[in-house]
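Reader: I have a model open and would like to learn how to read it feature by feature. Could you walk me through it?

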Amino acid sequence: MKSRAAVAFEAGKPLEIVEVDLEGPREGEVLVEIKATGICHTDEFTRSGADPEGIFPAILGHEGAGVVADVGTGVRSLKKGDHVIPLYTPECRECEYCLNPKTNLCQAIRSTQGQGLMPDGSSRFSIDGKPVFHYMGTSTFSNFTVLPEIAVAKIHRDAPFDKVCYIGCGVTTGIGVVINTAKAEPGCRGVVFGLGGIGLNVIQGLRLIGASQIVGVDLNNDKKEWGERFGMTHFVNPSEVDGDLVAHLVELTGGGADYSFECIGNVKVMRQALECAHKGWGQSIIIGVAGAGQEISTRPFQLVTGRSWRGTAFGGARGRTDVPKIVDWYMDGKIEIDPMITHKLSLDRINEGFDLMHEGKSIRAVVEY
Ligand code: NAD
Ligand code: AHE
Ligand code: ZN
């Protein structure tokens with residue numbers, strides 16, 4: 001079949017809207033009609049050429065929602081018409097990782113996914129007979145996409161696609177890091193670096209679990225109002241702090257953060273996030289993805305004196321199990337999404353969504369098909 005898609009032909013170039021050929025689902029695969037997709041900074045990370053795994057031409061996009069249009073042989077858990085969210089972190093429920101409660105990083109298809117291919121080692125997308133690569137196993141910047149069954153979460157039928165697509169990455173990552181990774185407790189003090197599409201959801205997660213202090217750090221003063229809207233208690237703009245940012249944050253939190261979260265992808269900020277964590281017990285969690293060749297550093301004494309440095313993907317969530325629950329939380333009004341969808345675009349205008357992100361004007365721009 002044919003599908004309209006935004007294709008990244010080359011690193012650093014705008015996406016091009018073209019018609020691509022899409023082969024139907026093979027055994028264990030599902031064809032999904034994507035109804036809406038968010039644009040996450042990770043799409044920009046790969047589009048820009050900073051992703052060491054970046055491969056071109058590819059169809060980016062990993063924050064989608066849609067409807068099952070067809071299923072391949074052997075598919076049991078899904079049927080035509082099911083409403084779904086594609087998962088860049090699948091959940092096979094059988095691999096060594098899925099069987100270990102300490103991680104959500106199912107490895108069943110990770111190696112082919114990283115090569116832009118389906119689990120059988122081939123691509124379903126092509127143009128003029130030449131393969132176009134998948135991305136993060138999801139490629140939600142195509143109106144139709146093919147996914148392995150284990151990378152699809154079935155969700156509430158009434159959930160609005162243009163809102164719950166955000167649960168495909170940003171919402172789950174931000175709320176999940178608080179609940180699954182930090183396992184933060186009521187009354188804790190949190191510091192969140194970077195108040196974009198991820199950081200605001202970390203703030204929302206901290207509010208949900210009853211944190212007593214939520215400090216937001218961003219260079220963009222417009223983010224003060226945004227943070228407060230979701231529960232932030234204090235805002236710090238590093239460019240307006242006299243002296244050392246870390247010392248300022250340690251003082252503001254009465255000795256340091258119980259939990260700090262880096263939601264930018266800046267290795268210098270990652271160090272500040274670690275060093276503002278409380279001596280003896282503070283945990284710092286890296287969410288931002290840093291470009292090829294970047295490294296983090298600190299004095300080992302920071303760890304010797306009880307701080308710990310951690311990281312997380314997809315908020316530690318197991319997609320097929322947790323994503324439907326988060327959709328239900330949204331449907332029940334337990335979490336907010338609507339105000340964070342600041343822009344809606346047609347696929348033709350997808351590059352404007354990337355511009356809005358760079359200009360700091362959007363929280364989430366969503367493309368509706
Ligand atoms: P975004 O562009 O929406 O937000 C980034 C925010 O950081 C902006 O508000 C910006 O003003 C702020 N910022 C930039 N530099 C800063 C600095 N030096 N100090 C303070 N604030 C600064 O991006 P996003 O979609 O929220 O994504 C954030 C990061 O998280 C990206 O690196 C993305 O790739 C990554 N990410 C990781 C996961 C994961 O599973 N680990 C999931 C989603 C996104
Ligand atoms: N090369 C990676 C993209 C970079 C990355 O770190 N991805 C995160 C999710 S960011 C979501 O916005 C991730 O899931 N990492 C775990 C892993 O196994 O890569 C890619 O996915 O192509
Ligand atoms: Zn993302």
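**Reading the model together**

Author: Happily, starting with ligand 2: 14 residues surround ligand 2, and the closest are Thr42, Glu53, Met136, Val289 and Ala313. A residue is near a molecule if its C-beta atom, placed from the backbone, lies within 6 Å of it. This is a predicted model, in which local features need pLDDT of at least 70 and side-chain atom pairs count only at pLDDT 80 or more, while totals for chains, interfaces and linings use all residues. Residues are numbered from 1 along each chain as its sequence is written, and chains are lettered from A and ligands numbered from 1 in the order in which they are written.

Reader: How do the residues of the shell around ligand 2 divide by class?

Author: Ala, Val, Leu, Ile, Met, Phe, Trp, Tyr, Cys and Pro count as nonpolar, Asp, Glu, Lys and Arg as charged, and the others, Gly among them, as polar. Around ligand 2 there are eight nonpolar, three polar and three charged residues.

Reader: And which residues come nearest to ligand 1?

Author: His41, Gly194, Gly196, Ile198 and Gly265, out of 32 around ligand 1. That shell holds 17 nonpolar, 13 polar and two charged residues. Helix H1 (residues 41–47) gives the most to the shell, with three residues. Helices (H or I, at least four residues) and strands (E, at least two) are DSSP runs, numbered from the N terminus.

Reader: Met136 was on the ligand 2 list. Is Met136 buried or exposed?

Author: A residue is buried if 20 or more other C-beta atoms lie within 10 Å of its own, exposed if 12 or fewer, and partly exposed in between, with C-beta atoms placed from the backbone. Met136 is buried, with 25 other C-beta atoms within 10 Å. Met136 also has a positive phi of about 50° although it is not a glycine, and it is found in the loop between strand E7 (130–132) and strand E8 (144–148). Compare Arg93, whose phi is near 65°: Arg93 is partly exposed, with 13 other C-beta atoms within 10 Å.

Reader: How should I read helix H4?

Author: Begin with its length: the expected span of a helix is 1.5 Å times one less than its number of residues. For the 13 residues of H4 (residues 170–182) that gives 18 Å, and the end C-alpha atoms are 17 Å apart, which agrees. There is also a kink of about 50° in H4, centred on Gly176; the bend at a residue is the angle between axes fitted to the seven residues ending there and the seven starting there. Of the 13 residues, 11 are buried, so H4 is largely enclosed by the rest of the structure. Among them are Val171, Ile175 and Val178. Just after H4, Lys183 takes a positive phi of about 50°.

Reader: In what order do the six strands of the open sheet lie?

Author: Two strands pair if DSSP finds at least two bridges between them. Here the order is E12-E11-E10-E13-E14-E15, and the pairing is parallel. E12 (234–236) and E15 (308–311) stand at the edges, each with a single partner strand, so one side of each is left without a neighbour in the sheet. Four bridges join E13 (residues 259–262) to E14 (residues 283–286), and the partner of Ser260 in E14 is Ser284.

Reader: Which peptide bond is cis?

Author: The bond from Phe56 to Pro57, with omega near -5°. Pro57 lies in the loop between H1 and strand E4 (64–71).
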